[in-house]
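Dear colleague,

I am passing on the structure we spoke about, and below it you will find my notes on what turned up in it. Please read them with the model open beside you.

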Amino acid sequence: AYRSPEELRIDLYIQSASVTEESAAAFIKPIWESTVPEMETVSSVLLSASSEDYYASMQLSVYLMAAEGDIYLLRSSDFKSYAAQGVFLDLQPFVDNNTLNVDGLDLSAGYVAQVDEDGVPSGEMGLYGIPAYALSGLRSGMQLDNQDIVIGVTVFNGNEENVLAFLNGLI
């Protein structure tokens, strides 16, 4: 079957027990149409939110190691673990140049210290995610329990301009 090329596709990976495929699609569609109408596909993949489910954590690791997905909505603990390893873009330059409008948001939960290949913190902090708890549209529009969710953009997204425009629409 035909699959849209990377530059014409945005894939969201959502870690949640409350979101359904239908609620995600209905929420995403108007944002897609208003922010990146030239994209052929904007889709979501639902990930299990259970911290005790071995399969869920393995599934998340496999998706990230296979360089799948553009935007991840993850529990804070998973987000911080992967952000520290360099999976997500540093969003500070995009906040500084107003590509991302985060006025009035507390971004503190999105800052993470990088670690080296031995797991030792480098001491350098970066803004690798947008905390979702203040984004009420995610809760009302997608039924996402967003109290402990952080949104990150993968470094391997391959479609940065459109992915960031879509993320700005989510915000």
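Glu68 is partly exposed, with a relative accessible area of 26%, and in this predicted model Glu68 forms a salt bridge with Arg3 in which the closest N and O atoms are 3.9 Å apart. Since Glu68 sits in the loop between helix 2 and strand 3 while Arg3 belongs to the segment before strand 1, the pair ties together parts that are 65 residues apart in sequence. Arg3 also forms a salt bridge with Asp11, with 3.8 Å between the closest N and O atoms, and Asp11 is buried, at a relative accessible area of 6%. These three residues belong, together with Arg9, to a network of salt bridges.

Across the whole structure the search finds six salt bridges. One of them joins Arg139 to Asp145, the closest N and O atoms being 3.4 Å apart; here Arg139 is partly exposed at 38% relative accessible area, and Asp145 is likewise partly exposed at 47% relative accessibility.

Turning to the interior, the largest nonpolar core has 36 residues, and those with the most contacts inside it are Leu12, Ile71, Leu91, Leu138 and Phe166. Among the elements that give two or more residues to this core are strand 1, helix 1, strand 3 (71-75) and helix 6 (160-170). A second, separate core of 15 residues includes Leu47, Leu60, Leu74 and Ala83. If you would like to follow one residue of the larger set, Leu12 touches, beyond residues up to four places away in sequence, Ile28, Val42, Val45, Ile71, Leu73 and Phe166, among others.

Ser16 may also deserve a look, as a polar residue in the loop between strand 1 (9-15) and helix 1 (21-35). Ser16 is buried, with a relative accessible area of 11%, and its side chain reaches two backbone nitrogens, that of Ser18 at 2.9 Å and that of Val19 at 3.1 Å. Leaving aside its neighbours within four places in sequence, Ser16 is in contact with Leu47, Ala49 and Leu144.

Finally, on the surface, Tyr54, Tyr55, Met58, Val62 and Met65 form a nonpolar patch with about 620 Å² of accessible area together. Met65, which lies in helix 2 (residues 54-65), counts as exposed at 68% relative accessibility.

With best regards

Note on methods. Residues are numbered from 1 along each chain as its sequence is written. This is a predicted model: local features need pLDDT of at least 70, side-chain atom pairs count only at pLDDT 80 or more; totals for chains, interfaces and linings use all residues. Side-chain values use heavy atoms; hydrogens and water are left out. Helices (H or I, at least four residues) and strands (E, at least two) are DSSP runs, numbered from the N terminus. Buried means under 20% relative accessible area, exposed over 50%, partly exposed in between (1.4 Å probe, protein chains only). A polar contact is a pair of N or O atoms within 3.5 Å; within protein, one must be able to donate a hydrogen and the other to accept it, and residues adjacent in sequence count only if both atoms are side-chain atoms. Contact means heavy atoms within 4.5 Å. Patches are made of residues with over 30% relative accessible area and no salt bridge: like charges are joined within 9 Å, nonpolar side chains (Val, Leu, Ile, Met, Phe, Trp, Tyr) within 5 Å. Accessible areas come from the Shrake-Rupley method with a 1.4 Å probe; for residues, only the protein chains shown count as cover. A salt bridge is a side-chain nitrogen of Lys or Arg within 4 Å of a carboxyl oxygen of Asp or Glu. A nonpolar core is a set of buried Ala, Val, Leu, Ile, Met, Phe, Trp, Tyr and Cys residues joined through side-chain atoms within 4.5 Å.
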